[in-house]
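Subject: Structure handover

Hello,

Here is the structure I promised to pass on. Please open it alongside this email.

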Amino acid sequence: MRWGSETALVDDDEARRRLVAAASRCLVTRGTTRLTVEDVAQEAAVVRSTVYRYFRSRDELILGVVLSRIDIGMRRLLGMLEHPDDAARSVVDLIVYSVGFVTGDPLNEALFAKDSRGLVTSLELRSEAVVDAFHRHLGPLLAQWRAEGQLREDLDLREISRWMNTVGLLLLGPPWTERSEQEKREFVECYILPGLLPRATGG
């Protein structure tokens, strides 16, 4: 049965998941520049109006793919932390490891290819849903670190999640694409981390 038909019995969440899955497959083969709503409709075996029922535009559909990748990636990323009780070490690892997730993953490579990266970066930076998605995973850990005195008391935890993602996006573009993981790590340690840690008191 064509699940996009009027008689198909499928709830809205399942419909969105299927469309995002179809869009993900199309992105791997076509990239963002050649992706169309018609491509996704054909891949999902539905009419175009079904796609527009759940996603108002092609960009919103791409953002749906990005959001699905955040949940998958963040669960994996948090599981990789070797020192989750150490905020200073973990913040650096979270940012640097997330950048490393692109290489070797066909969908992530498609999203952050040279001709796609600008669009995807723009969509992420303008989306509060992206911030919410990151903070849903990072929030409990950030709250724990702040309660333990490892993060500045005056910082908004949700904004920390936003800026950690923003720095990760920065490191996925030039000139950082040509720099080593160690150079990226040193940048985060020297220029990002000090803004999150408690200020040293005079002694």
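Below is what was found in it, from the overall fold down to single residues.

**Overall**

Please keep in mind that this is a predicted model. The protein chain has 10 helices and zero strands. Read from start to end, its pattern is therefore α-α-α-α-α-α-α-α-α-α, since helices and strands are taken as DSSP runs numbered from the N terminus. The C-alpha atoms fill a box of roughly 70 × 35 × 25 Å along the principal axes. Of the 203 residues in the chain, 45% are buried. The accessible surface comes to about 10,900 Å². Carbon and sulfur atoms hold 52% of that surface. Among contacts with a separation of 6 or more, 65% join residues 24 or more positions apart.

**Core**

In soluble globular proteins, nonpolar side chains tend to be buried together. Here the largest nonpolar core has 61 residues. Which of its members touch the most others? They are Leu111, Trp145, Ile160 and Leu171.

Leu171 deserves a look on screen. Setting aside neighbours within four places in sequence, Leu171 is in contact with Ile95, Val99, Trp176, Thr177, Lys184, Phe187 and Val188.

**Largest pocket**

Rolling a probe the size of a water molecule over the atoms shows where empty space is left. The largest pocket has a volume of about 490 Å³. Its lining is made up of 26 residues. Those nearest the centre are Ile70, Ser98, Phe101, Phe134 and Asn165. Five helices give two or more residues each: H4 (58-80), H5 (87-100), H6 (106-111), H8 (128-147) and H9 (157-171). Which of the elements gives the most? That is H4, with eight residues. By type, the lining splits into 17 nonpolar, five polar and four charged residues.

**Largest cavity**

There is one cavity of 30 Å³ or more. The largest cavity holds about 50 Å³ of space. Its lining consists of Glu124, Leu125, Val130, Val131, Phe134, Arg162, Asn165 and Thr166. The elements giving two or more residues to this lining are helix H7 (117-126), H8 and H9. Four lining residues are nonpolar, two are polar and two are charged. Phe134 and Asn165 appear in this lining, and they also lie nearest the centre of the largest pocket.

**Buried charged residues**

Three residues are worth checking here.

- Arg162 sits in helix H9. Its relative accessibility is 17%, so Arg162 counts as buried, the cut-off being under 20%. Beyond residues up to four places away in sequence, Arg162 touches Glu128 and Val131. Arg162 also lines the largest cavity.
- Asp39 is in helix H2 (residues 37-44). Asp39 is buried because its relative accessibility is 16%. Not counting residues up to four places away, Asp39 touches Cys26, Arg30 and Arg34.
- Arg117 lies in helix H7. With a relative accessible area of 17%, Arg117 is buried too. Leaving aside neighbours within four places, Arg117 is in contact with Leu111, Phe112, Leu172, Gly173, Pro174 and Thr177. Leu111 is one of the core residues that touch the most other members. From Arg117 to Leu35 is 82 residues in sequence and 14 Å in space, C-alpha to C-alpha.

**An exposed residue**

Is Ala147, in helix H8, buried or exposed? Ala147 is exposed, because its relative accessible area is 71%. Ala147 and Thr29 lie 118 residues apart in sequence. In space they are 46 Å apart, C-alpha to C-alpha.

**Backbone geometry**

Most residues other than glycine have a negative phi, and most peptide bonds are trans. Two spots here are worth a check.

- The peptide bond from Pro174 to Pro175 is cis, with omega near 5°. Pro175 is in the loop between H9 and helix H10 (181-192). Pro174 is among the contacts of Arg117.
- Ala45 is not a glycine, yet has a positive phi of about 60°. Ala45 is found in the loop between H2 and helix H3 (48-54). At 38% relative accessibility, Ala45 counts as partly exposed.

Best regards

Key: Residues are numbered from 1 along each chain as its sequence is written. This is a predicted model: local features need pLDDT of at least 70, side-chain atom pairs count only at pLDDT 80 or more; totals for chains, interfaces and linings use all residues. Side-chain values use heavy atoms; hydrogens and water are left out. A nonpolar core is a set of buried Ala, Val, Leu, Ile, Met, Phe, Trp, Tyr and Cys residues joined through side-chain atoms within 4.5 Å. Buried means under 20% relative accessible area, exposed over 50%, partly exposed in between (1.4 Å probe, protein chains only). Contact means heavy atoms within 4.5 Å. On a 1 Å grid over the protein atoms alone, a cavity is a set of points where a 1.4 Å probe fits but cannot get out, and a pocket is an open set with protein on both sides within 12 Å along at least five of seven lines; lining residues have an atom within 4 Å of a point. Grid points are joined across faces, edges and corners, and a volume is the space filled by probe spheres set on the points. Helices (H or I, at least four residues) and strands (E, at least two) are DSSP runs, numbered from the N terminus. Ala, Val, Leu, Ile, Met, Phe, Trp, Tyr, Cys and Pro count as nonpolar, Asp, Glu, Lys and Arg as charged, and the others, Gly among them, as polar. Accessible areas come from the Shrake-Rupley method with a 1.4 Å probe; for residues, only the protein chains shown count as cover.
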